[in-house]
Amino acid sequence: MFKHTVIPLILVCSTSVLADHRRDSVRHTQYAQVTHVQAIYERISYTRPTEQCWREEAVVHDRSSSAPIFGAIIGGALGNELGHHKSNKRVGTVVGAVLGATVAADISRGRGNSHYETIDRCETQHHQEWREEVVGYDVSYRYQGEIYHTRLPYNPGREIEIEVNITPRG
């Protein structure tokens, strides 16, 4: 019987001691008066693209698409006629076709069939620029006559919410 009475009594007493100890440590929120706020700036670079456009006069050559083809045919025929043997005729045909096409293309370019056109041209240029950004705030505040300092990511305004922890010594 003693065993059944003493053990529960010890458990009840130890639990109440722990509960009293936990009640002695109190946390609560209060407000303190902000005395000074200083913004903290950081210089940040960024690239800004800008497009610049202008109008430009350009020479446009009119090309006859058939001239190099006719030149190749005529050059190939002449090269074939100049060759004496079968292998020479083949080589003459190829060389004559290439030369004929080249000469015909040059003649068609230099014929004077060209004119001027106004062309719009644009170019993107990247400019490095700098800006100042607020990255935080150094804050001074007064609580129970003492001045405290902290750094916050936001401006707290006239009051700052603080957490007060009261714990007995000993």
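## Overall features

The protein has an accessible surface of about 13800 Å², and 55% of this surface belongs to carbon and sulfur atoms. The model described here is a predicted one. Of the 170 residues in the protein, 16% count as buried.

Three helices and four strands make up the secondary structure. Along the sequence, these elements follow the pattern α-β-α-α-β-β-β. Among contacts in the protein with a separation of 6 or more, 80% are accounted for by residues 24 or more positions apart. Several of the sites described below belong to strand β1, which covers residues 26-61, or to strand β2, which covers residues 114-143.

## The nonpolar core

The largest nonpolar core consists of 10 residues: A32, V34, Y137, V139, Y141, Y143, L152, I160, I162 and V164. At least two residues of this core come from each of β1, β2 and β4, the last of these strands being residues 159-166. The greatest contribution to this core is that of β2, which gives four residues.

A32, a member of this core, shows how its residues meet others along the chain. When residues up to four places away in sequence are not counted, A32 touches Y141, R142 and Y143, and also R158, E159, I160 and I162. Of these partners, Y141, Y143, I160 and I162 are listed in the core as well.

## The aromatic pair

One aromatic pair is found in a search of the whole structure. The pair is formed by Y141 and Y148 and is stacked, with 5.7 Å from centre to centre and 25 degrees between the planes. The angle of 25 degrees falls under the limit of 30 degrees for stacked planes, and the pair is therefore classed as stacked.

The two partners are not covered alike. Y141 has a relative accessible area of 13% and is therefore buried, whereas Y148 counts as partly exposed because its relative accessibility is 36%. Y141 is also among the residues of the largest nonpolar core.

## H36 and S140

H36 is located in strand β1, and S140 in strand β2. With a relative accessible area of 42%, H36 is partly exposed. S140, by contrast, has a relative accessible area of 11% and is therefore buried. Apart from neighbours within four places in sequence, H36 is in contact with D138, V139 and S140. H36 and Y141 are separated by 105 residues in sequence, yet their C-alpha atoms are 6.9 Å apart in space.

The contacts of S140, again leaving aside neighbours within four places in sequence, include Q33, V34, T35 and H36, together with I147, Y148 and H149. With H149 there is also a polar contact of 2.8 Å, which joins the two side chains. Y148, another contact of S140, is the residue that stacks with Y141 in the aromatic pair.

## The disulfide

A search of the whole structure finds one disulfide. A disulfide is a covalent bond between the sulfur atoms of two cysteines. In this protein C53 is joined to C122, with a distance of 2.0 Å from S to S. The pair links distant parts of the chain, since C53 lies in strand β1 and C122 in strand β2, 69 residues apart.

The torsion about the S-S bond of C53 and C122 is about 110 degrees, and the disulfide is therefore right-handed. C53 counts as partly exposed because its relative accessibility is 47%. C122 is likewise partly exposed, at 46% relative accessibility.

## T50 and its partners

T50 is another residue of strand β1. Its relative accessibility is 17%, and T50 therefore counts as buried. Neighbours within four places in sequence aside, T50 is in contact with E123, T124, Q125 and H127. With H127, the side chain of T50 makes a polar contact from side chain to side chain, at 3.2 Å.

## The loop at Q144

Q144 is situated in the loop between β2 (114-143) and β3 (146-152). At 69% relative accessibility, Q144 counts as exposed.

The backbone at this position is also of note. Most residues other than glycine have a negative phi. Q144 is not a glycine, yet its phi is positive, at about 50 degrees.

Note on methods: Residues are numbered from 1 along each chain as its sequence is written. This is a predicted model: local features need pLDDT of at least 70, side-chain atom pairs count only at pLDDT 80 or more; totals for chains, interfaces and linings use all residues. Side-chain values use heavy atoms; hydrogens and water are left out. Buried means under 20% relative accessible area, exposed over 50%, partly exposed in between (1.4 Å probe, protein chains only). A polar contact is a pair of N or O atoms within 3.5 Å; within protein, one must be able to donate a hydrogen and the other to accept it, and residues adjacent in sequence count only if both atoms are side-chain atoms. Contact means heavy atoms within 4.5 Å. Accessible areas come from the Shrake-Rupley method with a 1.4 Å probe; for residues, only the protein chains shown count as cover. A disulfide is a pair of cysteine sulfur atoms within 2.5 Å. A nonpolar core is a set of buried Ala, Val, Leu, Ile, Met, Phe, Trp, Tyr and Cys residues joined through side-chain atoms within 4.5 Å. Rings of Phe, Tyr and Trp (its six-membered ring) pair if their centres lie within 6.5 Å; planes under 30 degrees apart count as stacked, over 60 as edge-to-face and the rest as tilted.
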